[in-house]
Amino acid sequence: MGLISSLHTINSIFSIIPTRLIGNQTDPVFVESKVSSIPPPPSGPTTPRFAYLVSGSKGDLDRLWRTLHALYHPRNHYIVHLDLESPAAERMELAARIEKNPLFSKVGNVDMIVKANMVTYRGPTMVANTLHACAILLKKNKEWDWFINLSASDYPLVTQDGSAWMVLSREFIEYCVWGWDNLPRTLLMYYSNFVSSPEGYFQTVICNVPEFASTAANHDLHYISWDFPPKQHPHNLNLSDFSKMVGSNAPFARKFKRNDPVLDKIDANLLKRKNGSFTPGGWCSGKPLCSDVGDNTSLKPGPGAHRLNTLIDRIARSDLFFQNQCK
(Lines give C-alpha, C1' and ligand atoms only; values in the text may rest on other atoms or scores of the structure.)
Protein backbone atom coordinates (compact mmCIF):
# COMPACT_ATOMS: atom_id res chain seq x y z
CA MET A 1 0.00 0.00 0.00
CA GLY A 2 2.85 2.37 0.80
CA LEU A 3 4.41 1.73 -2.59
CA ILE A 4 1.16 2.49 -4.41
CA SER A 5 0.82 5.75 -2.51
CA SER A 6 4.41 6.62 -3.30
CA LEU A 7 3.99 5.92 -7.00
CA HIS A 8 0.99 8.22 -7.10
CA THR A 9 3.13 11.00 -5.65
CA ILE A 10 5.98 10.23 -8.04
CA ASN A 11 3.75 10.27 -11.11
CA SER A 12 2.15 13.52 -10.04
CA ILE A 13 5.58 15.15 -9.85
CA PHE A 14 6.51 14.17 -13.39
CA SER A 15 3.16 14.75 -15.06
CA ILE A 16 1.87 17.95 -13.55
CA ILE A 17 2.83 21.03 -11.55
CA PRO A 18 -0.26 21.25 -9.34
CA THR A 19 0.44 23.39 -6.33
CA ARG A 20 -0.85 26.93 -5.90
CA LEU A 21 1.32 29.62 -4.40
CA ILE A 22 0.37 32.95 -2.94
CA GLY A 23 -0.79 35.10 -5.84
CA ASN A 24 -0.22 32.32 -8.42
CA GLN A 25 -2.43 30.79 -11.04
CA THR A 26 -4.20 27.57 -10.15
CA ASP A 27 -4.21 26.06 -13.66
CA PRO A 28 -2.03 22.94 -13.94
CA VAL A 29 0.83 22.92 -16.42
CA PHE A 30 1.55 19.59 -18.06
CA VAL A 31 5.15 18.55 -18.51
CA GLU A 32 4.51 16.99 -21.92
CA SER A 33 3.65 20.42 -23.32
CA LYS A 34 6.83 21.93 -21.89
CA VAL A 35 9.59 19.44 -22.72
CA SER A 36 9.91 20.39 -26.38
CA SER A 37 9.99 24.11 -25.66
CA ILE A 38 12.39 24.46 -22.75
CA PRO A 39 14.25 27.72 -23.38
CA PRO A 40 18.03 28.02 -23.12
CA PRO A 41 19.48 29.37 -19.87
CA PRO A 42 18.93 33.12 -19.62
CA SER A 43 21.79 35.44 -20.43
CA GLY A 44 22.40 37.90 -17.66
CA PRO A 45 24.90 39.09 -15.08
CA THR A 46 27.69 36.75 -14.10
CA THR A 47 26.85 36.99 -10.41
CA PRO A 48 24.97 33.76 -9.64
CA ARG A 49 21.46 33.60 -8.28
CA PHE A 50 20.33 30.89 -5.89
CA ALA A 51 16.97 29.19 -5.51
CA TYR A 52 16.26 27.86 -2.02
CA LEU A 53 13.80 25.38 -0.61
CA VAL A 54 13.53 25.79 3.18
CA SER A 55 11.36 23.10 4.78
CA GLY A 56 10.02 22.52 8.25
CA SER A 57 7.60 20.45 10.26
CA LYS A 58 5.55 20.75 13.43
CA GLY A 59 6.93 23.46 15.72
CA ASP A 60 9.36 24.81 13.11
CA LEU A 61 7.56 28.03 12.19
CA ASP A 62 9.88 30.41 14.07
CA ARG A 63 13.03 28.46 13.18
CA LEU A 64 12.11 28.53 9.50
CA TRP A 65 11.33 32.26 9.68
CA ARG A 66 14.71 32.98 11.28
CA THR A 67 16.60 30.88 8.72
CA LEU A 68 14.75 32.61 5.88
CA HIS A 69 15.78 36.04 7.16
CA ALA A 70 19.39 34.93 7.61
CA LEU A 71 19.45 33.62 4.01
CA TYR A 72 17.56 36.41 2.31
CA HIS A 73 18.88 38.34 -0.67
CA PRO A 74 16.64 40.08 -3.22
CA ARG A 75 18.47 38.45 -6.16
CA ASN A 76 17.61 34.95 -4.96
CA HIS A 77 14.37 32.96 -4.99
CA TYR A 78 12.83 31.16 -2.02
CA ILE A 79 10.20 28.45 -1.59
CA VAL A 80 9.17 27.63 1.99
CA HIS A 81 7.19 24.60 3.11
CA LEU A 82 5.71 23.37 6.38
CA ASP A 83 4.68 19.74 5.98
CA LEU A 84 1.39 18.10 6.87
CA GLU A 85 2.57 17.26 10.38
CA SER A 86 2.60 20.95 11.21
CA PRO A 87 -0.75 22.33 12.43
CA ALA A 88 -2.86 24.27 9.95
CA ALA A 89 -2.55 27.31 12.23
CA GLU A 90 1.24 27.31 11.81
CA ARG A 91 0.97 27.06 8.02
CA MET A 92 -1.58 29.86 7.92
CA GLU A 93 0.65 32.03 10.13
CA LEU A 94 3.63 31.47 7.83
CA ALA A 95 1.54 32.41 4.79
CA ALA A 96 0.32 35.56 6.56
CA ARG A 97 3.85 36.59 7.57
CA ILE A 98 5.09 36.28 3.98
CA GLU A 99 2.11 38.18 2.61
CA LYS A 100 2.43 41.00 5.16
CA ASN A 101 6.21 41.40 4.95
CA PRO A 102 6.73 44.65 3.00
CA LEU A 103 10.07 43.63 1.50
CA PHE A 104 8.86 40.18 0.41
CA SER A 105 5.78 41.80 -1.12
CA LYS A 106 7.83 44.40 -2.97
CA VAL A 107 10.47 42.05 -4.37
CA GLY A 108 8.15 39.06 -4.87
CA ASN A 109 10.80 36.38 -4.50
CA VAL A 110 9.45 34.43 -1.50
CA ASP A 111 6.64 31.91 -2.03
CA MET A 112 5.08 29.16 0.01
CA ILE A 113 3.80 25.71 -0.90
CA VAL A 114 0.30 26.25 0.43
CA LYS A 115 -0.95 22.72 -0.13
CA ALA A 116 1.35 20.96 2.30
CA ASN A 117 2.99 17.63 1.47
CA MET A 118 3.52 14.69 3.77
CA VAL A 119 7.27 14.41 4.38
CA THR A 120 8.96 11.67 6.39
CA TYR A 121 12.50 10.33 6.63
CA ARG A 122 11.34 7.02 5.19
CA GLY A 123 10.57 6.35 1.55
CA PRO A 124 10.51 8.84 -1.32
CA THR A 125 8.39 11.61 0.23
CA MET A 126 11.33 13.94 0.91
CA VAL A 127 12.67 13.54 -2.63
CA ALA A 128 9.18 14.03 -4.08
CA ASN A 129 8.73 17.22 -2.03
CA THR A 130 12.08 18.53 -3.25
CA LEU A 131 11.18 17.83 -6.88
CA HIS A 132 7.80 19.47 -6.31
CA ALA A 133 9.50 22.64 -5.08
CA CYS A 134 11.94 22.53 -8.01
CA ALA A 135 9.03 22.32 -10.45
CA ILE A 136 7.44 25.39 -8.84
CA LEU A 137 10.71 27.32 -9.02
CA LEU A 138 11.12 26.46 -12.71
CA LYS A 139 7.56 27.52 -13.39
CA LYS A 140 7.85 30.78 -11.44
CA ASN A 141 11.18 32.05 -12.70
CA LYS A 142 14.18 30.53 -14.43
CA GLU A 143 16.56 33.36 -13.62
CA TRP A 144 18.54 31.32 -11.10
CA ASP A 145 21.64 29.18 -11.38
CA TRP A 146 21.87 26.90 -8.34
CA PHE A 147 19.30 25.10 -6.19
CA ILE A 148 19.91 24.62 -2.46
CA ASN A 149 17.72 22.46 -0.24
CA LEU A 150 17.72 23.32 3.48
CA SER A 151 15.64 22.54 6.54
CA ALA A 152 14.54 24.82 9.35
CA SER A 153 17.30 23.27 11.49
CA ASP A 154 20.00 24.49 9.06
CA TYR A 155 21.65 27.90 9.36
CA PRO A 156 24.07 29.83 7.13
CA LEU A 157 27.63 30.56 8.23
CA VAL A 158 28.31 33.03 5.41
CA THR A 159 26.40 36.01 4.06
CA GLN A 160 24.60 35.89 0.72
CA ASP A 161 27.21 38.32 -0.65
CA GLY A 162 29.71 35.37 -0.70
CA SER A 163 31.02 33.44 -3.75
CA ALA A 164 29.08 30.76 -5.65
CA TRP A 165 29.09 27.22 -4.32
CA MET A 166 28.12 24.06 -6.13
CA VAL A 167 24.90 22.44 -5.01
CA LEU A 168 22.53 21.44 -7.83
CA SER A 169 22.64 23.38 -11.08
CA ARG A 170 19.44 24.61 -12.70
CA GLU A 171 20.23 22.54 -15.80
CA PHE A 172 20.42 19.39 -13.68
CA ILE A 173 17.19 20.30 -11.87
CA GLU A 174 15.46 20.76 -15.25
CA TYR A 175 16.68 17.33 -16.28
CA CYS A 176 15.30 15.75 -13.08
CA VAL A 177 11.93 17.54 -13.25
CA TRP A 178 11.17 17.50 -16.96
CA GLY A 179 12.55 13.97 -17.33
CA TRP A 180 13.21 14.08 -21.07
CA ASP A 181 14.53 10.55 -20.74
CA ASN A 182 13.31 7.87 -18.34
CA LEU A 183 16.26 7.76 -15.94
CA PRO A 184 15.01 10.24 -13.27
CA ARG A 185 11.54 8.65 -13.23
CA THR A 186 12.91 5.10 -13.16
CA LEU A 187 15.33 5.84 -10.35
CA LEU A 188 12.66 7.62 -8.31
CA MET A 189 10.42 4.56 -8.51
CA TYR A 190 13.42 2.38 -7.63
CA TYR A 191 14.28 4.54 -4.62
CA SER A 192 10.69 4.38 -3.39
CA ASN A 193 11.69 0.99 -1.96
CA PHE A 194 14.54 2.45 0.08
CA VAL A 195 14.28 3.51 3.72
CA SER A 196 16.11 6.79 3.07
CA SER A 197 15.77 7.92 -0.55
CA PRO A 198 17.22 11.45 -0.10
CA GLU A 199 20.65 10.02 0.67
CA GLY A 200 20.99 8.44 -2.76
CA TYR A 201 18.52 9.65 -5.37
CA PHE A 202 20.12 12.82 -6.72
CA GLN A 203 23.62 11.37 -6.32
CA THR A 204 22.65 8.32 -8.40
CA VAL A 205 21.02 10.40 -11.12
CA ILE A 206 23.95 12.79 -11.52
CA CYS A 207 26.55 10.01 -11.57
CA ASN A 208 24.71 8.11 -14.31
CA VAL A 209 24.36 10.98 -16.77
CA PRO A 210 27.72 11.70 -18.44
CA GLU A 211 27.02 15.38 -19.09
CA PHE A 212 26.43 15.95 -15.35
CA ALA A 213 28.73 13.33 -13.79
CA SER A 214 31.80 15.40 -14.67
CA THR A 215 30.37 18.29 -12.61
CA ALA A 216 29.78 16.34 -9.38
CA ALA A 217 31.63 17.56 -6.28
CA ASN A 218 31.93 15.12 -3.38
CA HIS A 219 30.86 17.48 -0.55
CA ASP A 220 27.54 18.59 0.95
CA LEU A 221 28.81 22.06 2.02
CA HIS A 222 27.58 21.57 5.59
CA TYR A 223 29.32 21.31 8.93
CA ILE A 224 27.67 18.38 10.72
CA SER A 225 28.79 16.73 13.95
CA TRP A 226 28.27 12.96 13.91
CA ASP A 227 28.95 10.18 16.35
CA PHE A 228 31.53 7.60 15.30
CA PRO A 229 30.23 5.37 13.89
CA PRO A 230 27.40 7.68 12.76
CA LYS A 231 23.93 7.23 14.22
CA GLN A 232 20.66 8.10 12.49
CA HIS A 233 20.75 11.78 13.45
CA PRO A 234 23.67 14.18 14.01
CA HIS A 235 24.36 16.08 17.22
CA ASN A 236 22.59 19.34 17.93
CA LEU A 237 25.22 22.06 17.62
CA ASN A 238 25.88 24.55 20.42
CA LEU A 239 28.40 27.18 21.53
CA SER A 240 31.13 24.59 22.04
CA ASP A 241 30.98 23.82 18.30
CA PHE A 242 31.37 27.41 17.09
CA SER A 243 35.12 27.34 16.40
CA LYS A 244 34.86 24.02 14.58
CA MET A 245 32.00 25.33 12.43
CA VAL A 246 34.03 28.37 11.40
CA GLY A 247 37.15 26.29 10.88
CA SER A 248 35.31 23.93 8.54
CA ASN A 249 34.87 26.81 6.03
CA ALA A 250 31.43 25.37 5.20
CA PRO A 251 28.66 27.79 4.18
CA PHE A 252 26.01 25.95 6.23
CA ALA A 253 25.76 23.97 9.45
CA ARG A 254 23.15 21.72 11.05
CA LYS A 255 21.37 20.74 13.28
CA PHE A 256 20.44 23.52 15.69
CA LYS A 257 17.84 23.60 18.42
CA ARG A 258 15.36 26.44 18.23
CA ASN A 259 16.89 29.71 19.50
CA ASP A 260 20.07 28.05 20.72
CA PRO A 261 22.55 30.73 21.89
CA VAL A 262 25.03 29.68 19.21
CA LEU A 263 22.63 31.07 16.58
CA ASP A 264 22.91 34.48 18.23
CA LYS A 265 26.71 34.18 18.08
CA ILE A 266 26.57 33.28 14.39
CA ASP A 267 24.33 36.29 13.77
CA ALA A 268 26.62 38.65 15.65
CA ASN A 269 30.06 37.36 14.64
CA LEU A 270 29.57 35.91 11.14
CA LEU A 271 26.44 37.41 9.57
CA LYS A 272 26.40 40.81 11.36
CA ARG A 273 22.64 40.34 11.65
CA LYS A 274 20.87 42.37 14.35
CA ASN A 275 17.48 42.31 16.04
CA GLY A 276 16.03 39.56 13.88
CA SER A 277 16.46 41.60 10.70
CA PHE A 278 17.87 40.45 7.37
CA THR A 279 21.54 39.62 6.96
CA PRO A 280 23.07 42.91 5.71
CA GLY A 281 24.65 43.04 2.28
CA GLY A 282 25.45 45.43 -0.53
CA TRP A 283 21.76 45.45 -1.50
CA CYS A 284 20.57 46.92 1.80
CA SER A 285 18.98 50.36 1.85
CA GLY A 286 16.43 52.30 3.88
CA LYS A 287 16.07 53.09 7.57
CA PRO A 288 16.32 50.79 9.40
CA LEU A 289 18.99 49.21 7.20
CA CYS A 290 17.72 46.45 4.88
CA SER A 291 14.13 47.70 5.09
CA ASP A 292 14.40 48.53 1.39
CA VAL A 293 16.33 47.27 -1.65
CA GLY A 294 19.05 49.41 -3.13
CA ASP A 295 21.37 48.02 -5.80
CA ASN A 296 20.84 44.27 -5.64
CA THR A 297 23.89 43.66 -7.83
CA SER A 298 26.17 45.35 -5.29
CA LEU A 299 28.09 42.71 -3.36
CA LYS A 300 30.21 43.24 -0.26
CA PRO A 301 31.84 39.87 0.44
CA GLY A 302 32.96 39.43 4.02
CA PRO A 303 35.32 36.98 5.71
CA GLY A 304 32.85 34.16 5.03
CA ALA A 305 33.48 34.51 1.29
CA HIS A 306 37.21 33.96 1.86
CA ARG A 307 36.54 30.91 4.02
CA LEU A 308 34.21 29.50 1.39
CA ASN A 309 36.77 30.11 -1.34
CA THR A 310 39.28 28.09 0.67
CA LEU A 311 36.81 25.21 0.87
CA ILE A 312 36.04 25.35 -2.86
CA ASP A 313 39.78 25.34 -3.57
CA ARG A 314 40.08 22.13 -1.58
CA ILE A 315 37.01 20.46 -3.11
CA ALA A 316 36.83 21.52 -6.74
CA ARG A 317 40.19 23.02 -7.67
CA SER A 318 42.45 20.28 -6.37
CA ASP A 319 44.26 17.70 -8.50
CA LEU A 320 42.11 15.00 -6.88
CA PHE A 321 38.76 16.54 -7.93
CA PHE A 322 38.07 14.18 -10.83
CA GLN A 323 39.42 11.17 -8.95
CA ASN A 324 36.87 11.69 -6.16
CA GLN A 325 33.80 12.06 -8.38
CA CYS A 326 30.98 9.51 -8.15
CA LYS A 327 32.85 7.10 -5.86
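Colleague: How many square ångströms does the protein expose, and what share of that do carbon and sulfur atoms supply?

Modeller: The protein exposes about 16200 Å², and carbon and sulfur atoms supply 54% of this area. Please bear in mind that the model is predicted.

Colleague: What percentage of the residues count as buried?

Modeller: Of the 327 residues of the protein, 48% count as buried. The chain is arranged into 12 helices and 12 strands.

Colleague: How should one describe a pair of packed helices?

Modeller: The description rests on the angle between the two axes and the distance between the axes. Here, helix α2 (residues 61–71) packs with helix α3 (residues 88–100) at an angle of about 25°, and their axes are 10 Å apart. Angles under 35 degrees count as roughly parallel, so α2 is roughly parallel to α3. The crossing in which α2 passes α3 is right-handed.

Colleague: Which residues make the contact between α2 and α3?

Modeller: On the α2 side, they are Leu61, Asp62, Leu64 and Trp65. On the α3 side, Glu90, Glu93, Leu94, Arg97 and Ile98 take part. By class, this contact comprises five nonpolar residues, no polar residues and four charged residues.

Colleague: Is α2 mostly covered or mostly uncovered?

Modeller: Helix α2 is mostly covered, with 10 of its 11 residues buried. Among the buried residues are Leu61, Leu64 and Trp65, each of which also belongs to the contact with α3. The buried residues of α2 further include Arg63, Arg66, Thr67 and His69.

Technical notes. Residues numbered from 1 in each chain as written. Predicted model: local features only at pLDDT ≥ 70, side-chain atom pairs only at ≥ 80, totals over all residues. Heavy atoms only, no water. Axes fitted to C-alpha atoms, helices over the stretch in contact; angles between N-to-C directions. Helix = DSSP H or I, 4+ residues; strand = E, 2+ residues; numbered from the N terminus. Parallel < 35°, antiparallel > 145°, perpendicular 65-115°, else oblique. Left-handed = near helix turned anticlockwise from the far one by under 90°. Contact = heavy atoms within 4.5 Å. Nonpolar A, V, L, I, M, F, W, Y, C, P; charged D, E, K, R; others polar. Buried < 20%, exposed > 50% of the residue type's maximum accessible area, 1.4 Å probe, protein only. Areas by Shrake-Rupley, 256 points an atom, 1.4 Å probe, with all protein chains shown as cover.
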